[in-house]
Amino acid sequence: MRIWGPLAAVCLGTFMLLIDITIVLVALPSMAESLGSSLSQLQWVADGYALAVAVALLGAGMLADLQGRRRVYVGGLVVFAAASVACALSPGMGWLIAARLVQGVGAAAMFTTTLSLISTLYSGRRLGQAFGVWAAVAASASALGPIMGGLLTEALDWRWIFYVNVPVTALALAMTFRYIPRSAPHRSATRRLDVPGIVLFALAAGGFVYALTASHAHGWISAGTLVPLAVAVAAFVVFLPVQRRSMHPLLDLALFRRPAFTAAMLTIAVGEGAVYGILPYTSIWLQSVQHLTPIDAGLVVLPHAAAAALVAVLSGRWMPKPSPRLGAVLGLLLAGIGVGAEGFLGPDSGWPALVGGLALSGVGMGLVFQVAAALALGSVPAERAGMASGIYSTVEQLGYAVGVAVFGTLAVSAMTGSLDGKVADPAGAAQTLSGGGAGTLLTAAPAGQRTAFDHTLHAVFAGGHNTLALTAGALAVAGAACVFRLTRHRRESPGKVVAGLPAETAGAVPTAE
């Protein structure tokens with residue numbers, strides 16, 4: 001346990017914060033029945049958490065560099081557990097949404113420190129193995145969320161999806177104090193937290209994610225979408241020169257001059273956006289059209305999670321020094337082929353038609369998770385590890401958010417075209433169908449036409465899903481080509497990097513306190 005105890009402590013926190021992104025999805029109907037809510041409130045229960053994580057990540061990363069990574073990780077665990085209890089005790093939707101936002105801030109503090117803790121605690125072959133285990137946890141958490149959420153909601157109550165975080169947090173805290181040594185903060189008398197940078201980035205990232213979320217309900221040309229989008233653009237335009245002039249910036253733009261670092265960001269953004277951006281609509285097809293239960297739908301996705309976890313562990317063992325050519329490029333290529341293979345559904349297709357593509361995309365994402373994280377941390381100086389970890393995690397979350405939003409718009413557009421001439425309001429029917437309302441549309445149809453209309457809905461959703469899958473596959477393949485170009489001239493100076501990490505971190509061995 002002296003060697004793997006720190007990794008277990010870090011992975012417990014990682015598993016909790018990532019699984020809480022998807023564990024609430026299957027519990028939303030129970031929450032609505034218990035607390036009473038509108039559709040927009042239910043959306044914020046899910047989206048508010050991811051938004052808070054994305055907004056707080058970079059600030060938490062800088063704070064970790066200044067105050068010490070273990071201290072920030074412990075603080076994140078405490079905030080996450082307290083907010084989980086507040087979620088479970090929520091008397092109404094307003095309380096629940098606010099508690100989810102606070103929970104996201106705690107998750108950001110945990111997320112931004114996990115990679116930098118691993119990079120400073122392990123070296124050599126053990127470093128590759130540690131990244132492989134961490135990547136396996138990250139790959140499996142999101143896919144297992146719906147299964148665990150369904151089991152807890154059906155067996156106990158929706159509030160237990162939050163209560164269950166408390167004992168896991170207590171265990172993670174105990175292991176952290178026992179196995180993770182105090183990390184020395186990288187600070188000086190003149191270095192301070194970049195408050196203007198934090199505020200501007202929060203406005204930019206928060207406004208952008210909010211606009212993408214609002215576009216589903218209000219449309220792209222509505223004030224509800226354009227105003228937050230304009231605020232986000234303006235904040236980002238001001239953010240860049242502020243960072244260039246800052247002595248201690250929140251985001252060191254010079255990091256993106258490193259091809260390996262840029263390749264890592266591109267790899268995780270494209271992988272998350274392409275592969276996981278369409279997964280919500282795959283889940284809707286399984287439950288709304290194929291009439292699977294939430295648990296059964298989660299089990300269909302299990303081959304993806306299992307393949308990703310297995311490949312991440314094995315690649316960490318075989319490839320202690322990450323190869324962008326072998327890992328990132330091959331990972332995106334396999335992920336693209338796999339997700340593209342999901343784009344050949346017909347009106348009579350069932351869930352088995354997805355299994356092969358899901359498994360292959362899992363193989364690709366297992367490589368992506370293992371290699372991209374290691375490349376991001378291995379291409380920066382030790383004093384920038386917290387910042388690099390925060391950037392990586394932010395890009396990962398934003399890649400997912402952008403993917404879901406863009407593919408949602410594409411799904412509605414494709415289904416609207418397919419429904420044109422078949423229903424009185426093609427756009428409204430497409431919004432309902434893509435949102436899981438196939439049963440509502442079928443109930444509203446005349447009794448004598450329901451069998452034929454049901455076949456039509458199967459065909460329309462299958463066609464829309466095919467458009468998403470083929471587009472996502474093409475995006476991932478294009479991303480692989482870009483990463484190949486970025487990394488083809490990459491050379492490391494002798495002795496500069498050990499096992500993919502800066503020489504300053506080489507030889508670091510975890511020690512008990």
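## Gly-331 in helix H14

In this predicted model, Gly-331 has a relative accessibility of 0% and therefore counts as buried, the cut-off being under 20%. The residue belongs to helix H14, which covers residues 324-341. When residues up to four places away in sequence are set aside, Gly-331 touches Leu-326, Gly-364, Leu-367 and Val-368. Thr-267 lies 64 residues from Gly-331 along the chain, and the C-alpha atoms of the two are separated by 8.8 Å.

## Ala-476 and the pairing of H11 with H19

Thr-267 also serves as a reference point for Ala-476: these two residues are 209 apart in sequence, with 8.8 Å between their C-alpha atoms. Ala-476 is part of helix H19 and, at 1% relative accessibility, counts as buried. Beyond its neighbours within four places in sequence, Ala-476 is in contact with Val-270, Ala-274, Leu-332 and Gly-336.

Helix H11 (residues 259-276) packs against helix H19 (residues 450-487) at an angle of about 175°, and the two axes are 9 Å apart. Because angles over 145 degrees are classed in this way, H11 is roughly antiparallel to H19. On the H11 side the contact is formed by Pro-259, Thr-262, Ala-263, Leu-266, Thr-267, Val-270 and Ala-274, while H19 contributes Ala-472, Leu-475, Ala-476, Gly-479, Cys-482, Val-483, Leu-486 and Thr-487. Sorted by class, this contact of H11 with H19 comprises 11 nonpolar and 4 polar residues, with no charged residues. As background to such spacings, an α-helix has 3.6 residues a turn, so residues three or four places apart point the same way.

## The salt bridge between H5 and H1

How many salt bridges does a search of the whole structure find? The search returns 1 salt bridge, and the side chains of Arg-100 and Asp-20 meet in a salt bridge with an N to O distance of 3.7 Å. Arg-100 sits in helix H5 and Asp-20 in helix H1, so the pair ties together parts of the chain that are 80 residues apart in sequence.

Are the two partners buried or exposed? Arg-100 has a relative accessible area of 0% and is buried, and Asp-20, with 0% relative accessibility, likewise counts as buried.

## Phe-80 and its surroundings

Asp-20 is also one of the residues in contact with Phe-80, a residue of helix H4. Phe-80 counts as buried, its relative accessibility being 0%. Leaving aside neighbours within four places in sequence, the contacts of Phe-80 are Met-16, Leu-17, Asp-20, Tyr-49, Gln-103, Gly-106, Ala-107, Met-110, Asn-165 and Thr-169. For Gly-106, the C-alpha to C-alpha distance from Phe-80 is 4.6 Å, although 26 residues separate the pair in sequence.

## Helix H8

Two of the residues that Phe-80 contacts, Asn-165 and Thr-169, are among the buried residues of helix H8, which also include Ala-172, Leu-173, Met-175, Thr-176 and Tyr-179. The buried residues of H8 pack against helix H1 (5-22), helix H4 (69-88), helix H5 (93-121) and helix H7 (160-163).

The length of H8 can be checked against an expected rise. At 1.5 Å a residue, the 15 residues of H8 (residues 165-179) should span 21 Å, and the C-alpha atoms at the ends of the helix are 21 Å apart, which agrees.

## His-291 in the H12–H13 loop

Turning to a loop residue, His-291 is found between helix H12 (279-289) and helix H13 (294-318). The phi angle of His-291 is near 65°, a positive value in a residue other than glycine. Most residues other than glycine have a negative phi. His-291 is exposed, with a relative accessible area of 59%.

## The chain as a whole

The protein chain contains 19 helices and 2 strands. Of its 513 residues, 55% count as buried. Among contacts between residues at least 6 apart in sequence, 84% join residues at least 24 apart; the contact of Phe-80 with Gly-106, a pair 26 residues apart, is one that meets this separation of at least 24.

Note on methods
Residues numbered from 1 in each chain as written. Predicted model: local features only at pLDDT ≥ 70, side-chain atom pairs only at ≥ 80, totals over all residues. Heavy atoms only, no water. Axes fitted to C-alpha atoms, helices over the stretch in contact; angles between N-to-C directions. Helix = DSSP H or I, 4+ residues; strand = E, 2+ residues; numbered from the N terminus. Parallel < 35°, antiparallel > 145°, perpendicular 65-115°, else oblique. Contact = heavy atoms within 4.5 Å. Nonpolar A, V, L, I, M, F, W, Y, C, P; charged D, E, K, R; others polar. Expected span 1.5 Å × (residues − 1). Buried < 20%, exposed > 50% of the residue type's maximum accessible area, 1.4 Å probe, protein only. Salt bridge = Lys/Arg side-chain N within 4 Å of Asp/Glu carboxyl O.
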